[in-house]
Number of protein chains: 2
Amino acid sequence: MRYARIPDQTIRRLPLYLRALFFVAEQGQSEVSSKDLAQYVGVHGWQVRKDFSFFGEFGRPGVGYRVSWLTEQIKTILRLDSEKKAVLVGAGNLGAAVLSFSGFQKYNLAIVAAFDADAEKIGQRVSGVEIMDIACLESVSELGATLAIVTVPGEVAQDVVGQLINVGIKGILNFTSCRLIVPDQVRVTNIDIGMDLASLPYYI
Amino acid sequence: MRYARIPDQTIRRLPLYLRALFFVAEQGQSEVSSKDLAQYVGVHGWQVRKDFSFFGEFGRPGVGYRVSWLTEQIKTILRLDSEKKAVLVGAGNLGAAVLSFSGFQKYNLAIVAAFDADAEKIGQRVSGVEIMDIACLESVSELGATLAIVTVPGEVAQDVVGQLINVGIKGILNFTSCRLIVPDQVRVTNIDIGMDLASLPYYI
DNA sequence: AAGTGTGAAGCAGTTCACAGCA
DNA sequence: TGCTGTGAACTGCTTCACACTT
């Protein structure tokens, strides 16, 4: 099944497997079976094995998967084998909370700069990252950042995103409740806290 | 097609339609076509019509959908026609950012209390919500809250969630990077910022 | 003329069952 | 014996085409 077209759903599960592998490694395990890995992710063993089978033969029958090696494989597939740089735009409450978040490192991600329009905030440091003037957004290309986290007010989101694309940003994590219009080569992931909470009552 | 079993994917799109309807209403439109609504959500018109067809006949041929009426229908389906109460646990950076978020109201959601373990924070008010001692979590049942937002450190997440379920919480918005183990009647939505950002490099 | 509602076709992802390997 | 890898069956969602309504 190697080298076939990879189902989108499989790709979406890979980060979950990676997170589970971090957890398994912390427990001190060096081998893990598809069944155990599946349990941490909330799927079945056959789903795990099928997903991996699209990329090659990762495991050893009768034994399972070597945790460290599998981790590297998935990191490589997800392009997390080399460090990726991200910038944050909008250093309000939510932006500052994201800057203080320490969980990016294990994915080889680094926030290298933050931007805001508020003169009060410019020059200040939040969690070791200096807030720069949003008018200086062109410096993003020199920093080599390809990812952006957008935590600005909704009214300016589309405008900011247009500028980000101009300076070479290819992936956007959008915390505003606006649908962003971007060219095909740019990927957007939306996190809409209000909508996510509003999705729950249906199921209860 | 009315009264058939509703596809899960359809349910997941309903909050997106609702958000789009809020936007359309703000523009002052009172009617909207499936094609226009689809554009705001990023799907095709036939998808919108098919989704709505599971619930009944919502539109008028040649005209479109009445914005206000359709909004009410979707709110009813999603159980957002009456106010739902939520509590927040963990008033750190991220928790405070969520408390200051003003986008819950239009979904008929209200954060009625916040909890933290830090004695320094207890008694303080953040965005009009008083921080209470996490030891007093049982007061949640008196408040009538059924939803919870969990922004505590990962190490205590599972423990906190166990307590929340004991006091009647049925839906959880989980911001920690831990998989929560909950009974079948409890629904969890996970937001893992690190993992979400880590998903982007594959596509670029 | 414009736009909805839906049966049927097509496609993608999930699940199964089991052969094969350590 | 235990666990992986995978063709084949199955399931469910998406897409289409068009009859029907205003």
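Biologist: How much surface does chain A expose in this predicted model?

Modeller: Chain A exposes about 9900 Å², and carbon and sulfur atoms supply 49% of that area.

Biologist: What share of chain A counts as buried, and what makes a residue buried?

Modeller: A residue is called buried when its relative accessible area is under 20%. Of the 204 residues in chain A, 46% count as buried.

Biologist: Thanks! Now to the DNA. Which residues are closest to DNA strand C?

Modeller: Strand C is surrounded by 23 residues, with A:Arg13, A:Trp46, B:Ser34, B:Gly59 and B:Tyr65 the closest. By class, this surface has 8 charged, 8 polar and 7 nonpolar residues.

Biologist: Why is the pairing of B:Ser34 with DNA strand C called a polar contact?

Modeller: A polar contact needs a pair of N or O atoms within 3.5 Å. A polar side-chain atom of B:Ser34 lies 2.6 Å from a phosphate oxygen of DNA strand C, so the pair qualifies.

Biologist: How do you know that B:Phe58 makes a polar contact with the strand too?

Modeller: Here a backbone N or O atom of B:Phe58 is 3.0 Å from a phosphate oxygen of DNA strand C. That falls within 3.5 Å, so this is a polar contact as well.

Biologist: And what makes A:Pro61 a polar partner of DNA strand C?

Modeller: A polar backbone atom of A:Pro61 is 3.3 Å from a sugar or linking oxygen of the strand. Since the limit is 3.5 Å, that pair counts too.

Biologist: Which part of the strand's atoms within 4 Å of the protein is sugar or phosphate?

Modeller: Sugar or phosphate accounts for 64% of those atoms, and bases for the rest.

Notes
Residues are numbered from 1 along each chain as its sequence is written. Chains are lettered from A and ligands numbered from 1 in the order in which they are written. This is a predicted model: local features need pLDDT of at least 70, side-chain atom pairs count only at pLDDT 80 or more; totals for chains, interfaces and linings use all residues. Side-chain values use heavy atoms; hydrogens and water are left out. A residue is near a molecule or strand if one of its heavy atoms lies within 4 Å of it. A polar contact is a pair of N or O atoms within 3.5 Å; within protein, one must be able to donate a hydrogen and the other to accept it, and residues adjacent in sequence count only if both atoms are side-chain atoms. Ala, Val, Leu, Ile, Met, Phe, Trp, Tyr, Cys and Pro count as nonpolar, Asp, Glu, Lys and Arg as charged, and the others, Gly among them, as polar. Buried means under 20% relative accessible area, exposed over 50%, partly exposed in between (1.4 Å probe, protein chains only). Accessible areas come from the Shrake-Rupley method with a 1.4 Å probe; for residues, only the protein chains shown count as cover.
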